[in-house]
Amino acid sequence: MPTTFSWLTVIVFVPLAGAVVLFVAGLLSRRARDSVWRWGALTVSAAAFVISLAMLTAFETGRPGFQLVERASWVGLLNFRYTVGVDGISLFLVLLTTFLMPLAILASWKVERQVPAYMASMLVLETAMLGAFVALDLLLFFVFFEGLLFPMYLIIGAWGGERRVYAAVKFFLFTMAGSALLFVAILFLYFQAAAQLGFGTFDLVQLAQLDWSGEFEVTARWLFLAFFLAFAVKVPLFPLHTWLPDAHVEAPTAGSVILAGILLKVGAYGLIRFNLALFPEASLYFRTFVMVLAVIGIVYGAAVALIQVDVKRLVAYSSVSHLGFVVLGTFAGTVQGMSGGVLQMVNHGLSTGALFLLVGMLYERTHTRDLRRLGGLGRQTPVLAGFFLVVALSSLALPGLNGFVGEFLILAGTFVTNAGFAAVAAVGVILSAIYLLWAYQRMMHGSLPEEQAQHPDLSIREYVILVPVVVAIVWIGLFPKPFLDRIEPDAERHARIVEMEPAGVRAAGGE
């Protein structure tokens with residue numbers, strides 16, 4: 001088959017090309033002003049977003065399966081192939097990535113140290129995340145999956161807070177441990193394909209045809225666990241979440257935005273794309289186990305967030321809770337649960353990403369994230385307080401905003417499968433309202449501490465960062481149909497693959 005390159009390849013590698021240019025130019029032109037590198041990175045990331053909109057227009061609504069597929073020979077002798085494509089599961093994750101990256105770069109405008117290297121690291125990270133979402137070859141996916149580690153390690157370890165090295169190393173070790181098992185499992189699949197199909201392959205579609213019945217049933221379950229561990233660390237799913245709060249607290253603002261908004265979604269996406277598609281029987285076998293972990297994570301993350309005094313750590317634990325909803329919906333095995341899980345990945349990226357942006361803006365003004373030292377800021381910065389309230393209400397799933405749509409679908413889909421799990425998960429919704437509104441009250445209302453001077457309200461740059469996110473939050477909350485129309489066909493396809501969906505719900509889903 002001839003080598004073809006189209007929208008996806010351009011989207012994935014435009015940021016990498018920009019990173020190379022910025023880094024080399026930074027080495028050759030040390031006297032150039034840092035603003036040149038900032039504007040260069042912003043231009044490259046904005047270009048990737050514009051190209052991703054072209055991808056969206058080329059995507060056919062209502063048609064399940066992979067679209068815009070591109071294939072090229074990589075290592076012909078071993079049948080390694082460059083294969084990329086998108087479906088309703090990955091489409092909006094690609095758009096979320098290209099949407100948030102320019103905003104994260106704008107949020108990094110005040111970074112002073114080694115600006116070319118910082119901006120290059122952000123763009124390399126964008127390429128790795130995009131590649132992970134579109135790769136349909138397991139070896140190619142693994143290359144991008146591992147490619148996430150080094151730039152994020154640098155962003156945390158070089159530009160983070162006081163304990164940045166500790167947080168960066170902890171992040172690296174946790175994710176590397178899971179990746180080691182993932183690599184072994186991918187190699188096993190390659191040789192299993194050679195035994196069953198007559199040729200070794202890493203192609204996802206071809207590997208999904210492997211027969212795991214009979215004597216291979218136990219093998220498939222071990223492979224499922226290897227994939228699951230790697231992705232559960234990335235989500236992160238309880239009890240593998242302990243690296244996340246430290247990484248968030250020590251990362252710079254933009255690092256936290258990308259970490260929560262996009263990078264964590266690679267783990268949840270991997271569970272759908274690979275665990276469910278490659279090991280349907282094992283997914284059924286471990287479904288209750290995974291759902292139990294998800295429910296524990298929902299309640300545990302929310303409960304721990306309640307007792308935090310560092311507002312950034314509070315938002316970090318809220319991520320543990322909210323991503324538990326994503327995993328719960330994924331393994332509920334219904335169209336509603338799966339659609340809600342995918343949409344909630346996008347919702348969480350917008351809402352939690354915006355929360356980290358707002359926390360960073362508050363820290364720039366007050367130089368503290370300690371709730372005990374904050375108060376009365378709503379009188380000084382009323383517009384910032386208004387944005388914070390809207391985003392907090394989105395995160396706690398207020399009807400009319402994006403979080404409600406995703407969590408409602410997840411709970412409705414889970415209720416069909418297990419009403420008890422849905423009831424316990426609903427406790428997490430209540431707790432999220434408590435810790436978010438309580439934190440907002442302590443920051444924005446009451447008396448202003450004496451050590452806090454007068455603070456300016458939002459700047460033009462901060463308006464440019466926040467307004468697009470809030471528009472997206474309201475849009476999805478009021479009119480989610482364009483998103484669900486593209487997600488549901490592939491959500492239904494995955495529900496059928498694992499055969500977890502009750503017949504009545506399948507008919508209601510549009511069969």
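Let's start in the loop between α9, residues 217–234, and α10, residues 243–250, because that is where Pro-236 sits. This is a predicted model, so keep that in mind throughout. The peptide bond from Val-235 to Pro-236 is cis. Its omega is near -10°. Now stay in that loop. Pro-239 is also placed between α9 and α10. The bond leading into Pro-239, from Phe-238, is cis as well, with omega near 5°. Why point these out? Because most peptide bonds are trans.

Next, backbone angles. Most residues other than glycine have a negative phi. Leu-68 is not a glycine, yet its phi is positive, at about 55°. Where is Leu-68? In strand β1, which runs over residues 67–75. Is Leu-68 buried or exposed? Neither label fits: relative accessibility is 23%, so Leu-68 counts as partly exposed. The cut-off for buried is under 20%.

Gln-114 is another one to look at. Its phi is positive too, about 45°, and again the residue is not a glycine. Gln-114 belongs to a loop, the one joining α3, residues 91–107, to α4, residues 115–134. Here the side is clear. Gln-114 has a relative accessible area of 52%, so it is exposed. Exposed means over 50%.

Now step back to the whole chain. We have 22 helices and two strands. The radius of gyration is 22 Å, and the globule rule gives 24 Å for 511 residues; the two are close, so the chain is as compact as a globular protein of that length. Along the principal axes, the C-alpha trace spans about 75 × 60 × 40 Å. How much of the chain is buried? Of the 511 residues, 61%.

Contacts next. Take those with a sequence separation of 6 or more. In 81% of them, the partners are 24 or more positions apart.

Then the surface. Accessible area comes to about 18500 Å². Carbon and sulfur atoms hold 67% of that. On charge, the count is 31 positive and 31 negative side chains. The centres of those two sets lie 8 Å apart.

Let's pick out some helices. Take α2, residues 34–58. That helix has 25 residues. From first C-alpha to last, α2 reaches 37 Å, close to the 36 Å expected at 1.5 Å a residue. Which residues of α2 are buried? Among them are Trp-37, Arg-38, Ser-45, Ile-51 and Met-55. Note the arginine: Arg-38 is on the buried list. Several alanines are there too, including Ala-41, Ala-48 and Ala-54.

On to α7, residues 164–197. Val-184 is part of that helix. Its relative accessibility is 54%, so Val-184 counts as exposed. What about Leu-223? In sequence, Val-184 and Leu-223 are 39 residues apart. In space, the C-alpha to C-alpha distance is 9.1 Å.

Last stop, Asn-275. Find it in helix α11, residues 253–278. Buried or exposed? Relative accessibility is 0%, so Asn-275 counts as buried. And what does Asn-275 touch, leaving out residues up to four places away in sequence? Phenylalanines, for a start: Phe-224, Phe-227, Phe-228 and Phe-231. Then Gly-270, Pro-280 and Ser-283.

To recap two places for your viewer. Look at the cis bond into Pro-236 and the one into Pro-239. Then turn to Asn-275, at 0% relative accessibility. That's it from me.

How values were computed: Residues numbered from 1 in each chain as written. Predicted model: local features only at pLDDT ≥ 70, side-chain atom pairs only at ≥ 80, totals over all residues. Heavy atoms only, no water. Helix = DSSP H or I, 4+ residues; strand = E, 2+ residues; numbered from the N terminus. Rg over C-alpha atoms; globule rule 2.2 N^0.38 Å. Buried < 20%, exposed > 50% of the residue type's maximum accessible area, 1.4 Å probe, protein only. Contact = heavy atoms within 4.5 Å. Areas by Shrake-Rupley, 256 points an atom, 1.4 Å probe, with all protein chains shown as cover. Lys, Arg positive; Asp, Glu negative; His and termini not counted. Charge placed at Lys NZ, Arg CZ, Asp CG, Glu CD. Expected span 1.5 Å × (residues − 1).
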